[in-house]
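Welcome! Here is a short, friendly briefing to help you find your way around a structure you have not met before.

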Amino acid sequence: MTNAEPGAQRTVVPIEPSLLIAEAFEQAQVTELRHSVTSCAHAVGLSGQRLDDFVLAVNELITNAVRHGGGRGWLRMWRQSGQLFCEVSDHGQGISTQRLGDRSRPAAHTAGGWGLWLAREMSDSMDVETGTNGTTVRISTAVAAPQHTARHRRG
């Protein structure tokens, strides 16, 4: 309901950046957080394979934080300038320079070591800041501008 004149154009100006999720997590919240990431990413315009890829990348980062980063972490997800960003931080011992520099696909029979490789492959960009006080990994993917549907009044 609005007091605007019928047929008057309304302008909606998006506020950016738009924080979608900011949440601390532990092992018990991984599944719930993955569902929240899926919901938010879909709501801002990701769908199909791009949605699946982004959620897989985020899930790998969350899992790494729990397994290798002290058992818990912090996730932030936001949309800015046509990009969806997700940042996962932990308080682990950091990632070795050798490990970060290795961009080759892990061997098929390897049980571990897939997380960062998958996150890098499934997103458009990935940045890592790491040290003895923890690691922060930020990934992004392009999102289409939201499609607005016009509503017509029936007379």
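What follows covers a helix and its surroundings, and then the salt bridges. Please keep in mind that this is a predicted model. Two topics are worth your time: helix α4, which is mostly covered, and the 3 salt bridges that a search of the whole structure finds.

**Helix α4 and its surroundings**

- Helix α4 spans residues 115-122, and 6 of its 8 residues are buried.
- If you would like to locate these buried residues, look for Gly115, Leu116, Trp117, Leu118, Ala119 and Arg120.
- The cover over the buried residues of α4 includes two helices, α2 (48-68) and α3 (97-101).
- Strands β4 (125-131) and β5 (134-142) are also among the elements that cover them.

**The salt bridge between aspartate 124 and arginine 50**

- Aspartate 124 pairs with arginine 50 in a salt bridge, and their closest N and O atoms are 3.0 Å apart.
- This pair links distant parts of the chain, with aspartate 124 in the loop between α4 and β4 and arginine 50 in helix α2, 74 residues apart.
- Aspartate 124 has a relative accessibility of 44%, so this residue counts as partly exposed.
- Arginine 50 also counts as partly exposed, because its relative accessibility is 38%.

**The network around glutamate 87**

- Arg76, Glu87 and Arg138 are linked in a network of salt bridges.
- On one side of this network, the side chains of arginine 76 and glutamate 87 meet in a salt bridge at 3.3 Å, N to O.
- Arginine 76 belongs to strand β2 (residues 72-80) and glutamate 87 to strand β3 (residues 83-90), so their salt bridge ties together parts that are 11 residues apart in sequence.
- Glutamate 87 also forms a salt bridge with arginine 138, where the closest N and O atoms are 2.5 Å apart.
- That second pair links distant parts of the chain: glutamate 87 sits in strand β3 and arginine 138 in strand β5, 51 residues apart.

**Buried or exposed within the network**

- Is glutamate 87 buried or exposed? Glutamate 87 counts as buried, because its relative accessibility is 8%, and the cut-off for buried is under 20%.
- Arginine 76, at 29% relative accessibility, counts as partly exposed.
- Arginine 138 counts as partly exposed too, with a relative accessibility of 26%.

Definitions and conventions: Residues are numbered from 1 along each chain as its sequence is written. This is a predicted model: local features need pLDDT of at least 70, side-chain atom pairs count only at pLDDT 80 or more; totals for chains, interfaces and linings use all residues. Side-chain values use heavy atoms; hydrogens and water are left out. Buried means under 20% relative accessible area, exposed over 50%, partly exposed in between (1.4 Å probe, protein chains only). Helices (H or I, at least four residues) and strands (E, at least two) are DSSP runs, numbered from the N terminus. Contact means heavy atoms within 4.5 Å. A salt bridge is a side-chain nitrogen of Lys or Arg within 4 Å of a carboxyl oxygen of Asp or Glu.
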